[in-house]
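Thank you for asking me to look over this model before you take it to the bench. My comments follow as numbered points, each kept to what can be read from the coordinates.

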Amino acid sequence: MTGTIDASDATPAVDRETLLVELVDEQGRPVGSLPVAAAHTAPGRLHRAFSVLLFDPEGRVLLQQRAAVKTRFPLLWTNTCCGHPAPGQDVAEAAAIRLQEEMGLSAELTEVGKFTYQADDLSTGRVEYEFDHVLIGRLTDATPAPDPAEVEEIAWIDPASLAPAVAAYPQRYTPWLGGVLRVIAASGRTPRPNTGHAPA
């Protein structure tokens, strides 16, 4: 199941590139702060981030296709939402706020692991270098209401088809999605399979 978002009123309320992110060392300890844009300028600075993946009672996961206006990896498919906590902000609190902003959803979120990744976006010249906290949550009867300034499309997908698709067609997915899936799989919280298919 996918849905295209009406972008007629896609007007970001804040310039997120000017917000501060928390710089960290390789163990995730705070070492300072920088604006989002500066932290993602080559060669990149390691900073704290989060990735949220929601799943429904059937075990399907909610993906989004990033909006075309995104400064990093636009139009690629990725997890439900992601972002950066402000320096000193609780990660789960920041993730819950961002989930509401991007997807119009509320869910109880549980952190299941962390990983570090680094990736260059050749299309925009930006760099991702993130100490990423992975959080999961369940949805029952809530309906996503994505922000068209952030999200191009959404899809509910069987994770059993998603992991092979990410491996086979990495150019269609964000470079961190594979790490998110591996962290969740290692945590033992992988949703039960269903009949959806990964975006082609």
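How much space lies in the largest pocket?

1. The largest pocket holds about 630 Å³ of space. Its lining is made of 35 residues, and those closest to its centre are Arg16, Lys70, Arg72, His84 and Arg98. The elements that contribute two or more residues to this lining are β2 (20–24), β4, β7, α2 and β9, and of the elements α2 gives the most, with 5 residues. Please keep in mind throughout that this is a predicted model.

2. As for the chain as a whole, it contains 4 helices and 10 strands, which follow one another along the sequence in the pattern β-β-β-α-β-β-β-β-α-β-β-β-α-α. Of its 200 residues, 50% count as buried. When contacts between residues at least 6 apart in sequence are considered, 69% of them join residues at least 24 apart.

3. Helix α2 deserves a closer look, given its share of the pocket lining. The helix covers residues 91–103, and its 13 residues should span 18 Å at 1.5 Å a residue, which agrees with the 18 Å that separates its end C-alpha atoms. At the N-terminal end, Asp90 acts as a cap, with a side-chain oxygen that lies 3.2 Å from the backbone nitrogen of Ala92. After the helix comes Gly104, whose phi is positive, near 65 degrees.

4. Which residues of α2 are buried? They are Val91, Ala94, Ala95, Arg98, Leu99, Glu102 and Met103. Seen down the axis of α2, these buried residues fall within an arc of 140 degrees, so they line one face of the helix. The spacing fits a general rule: an α-helix has 3.6 residues a turn, so residues three or four places apart point the same way. The cover over the buried residues of α2 includes strands β4 (47–55), β5 (61–66), β7 (81–83), β8 (110–121), β9 (126–138) and β10 (151–157). Arg98 therefore appears twice in this note, since it is among the buried residues of α2 that line one face and is also one of the residues closest to the centre of the largest pocket.

5. Glu22, in strand β2, has a relative accessibility of 8% and so counts as buried, the cut-off being under 20%. Its side chain makes a polar contact of 2.7 Å with the side chain of Arg48, and the side chain of Glu22 also reaches the backbone nitrogen of Gly88 at 3.0 Å. Leaving out residues up to four places away in sequence, Glu22 touches Pro30, Gly32, Leu46, His47, Arg48, Pro85, Pro87 and Gly88.

6. Is the partner of Glu22, Arg48, buried or exposed? Arg48, which sits in strand β4, counts as buried because its relative accessibility is 9%. Besides the contact with Glu22, the side chain of Arg48 reaches the backbone oxygen of Gly28 at 2.6 Å, and a polar contact of 3.0 Å joins it to the side chain of His133. Beyond its neighbours within four places in sequence, the residues in contact with Arg48 are Glu22, Val24, Gly28, Arg29, Pro30, His84, Pro85, Val91, Phe131 and His133. Among these, Val91 belongs to the buried set of α2, and His84 is one of the residues closest to the centre of the largest pocket.

Note on methods: Residues are numbered from 1 along each chain as its sequence is written. This is a predicted model: local features need pLDDT of at least 70, side-chain atom pairs count only at pLDDT 80 or more; totals for chains, interfaces and linings use all residues. Side-chain values use heavy atoms; hydrogens and water are left out. The expected span of a helix is 1.5 Å times one less than its number of residues. Buried means under 20% relative accessible area, exposed over 50%, partly exposed in between (1.4 Å probe, protein chains only). The arc is that of the directions from the helix axis to the C-beta atoms. Contact means heavy atoms within 4.5 Å. A polar contact is a pair of N or O atoms within 3.5 Å; within protein, one must be able to donate a hydrogen and the other to accept it, and residues adjacent in sequence count only if both atoms are side-chain atoms. On a 1 Å grid over the protein atoms alone, a cavity is a set of points where a 1.4 Å probe fits but cannot get out, and a pocket is an open set with protein on both sides within 12 Å along at least five of seven lines; lining residues have an atom within 4 Å of a point. Grid points are joined across faces, edges and corners, and a volume is the space filled by probe spheres set on the points.
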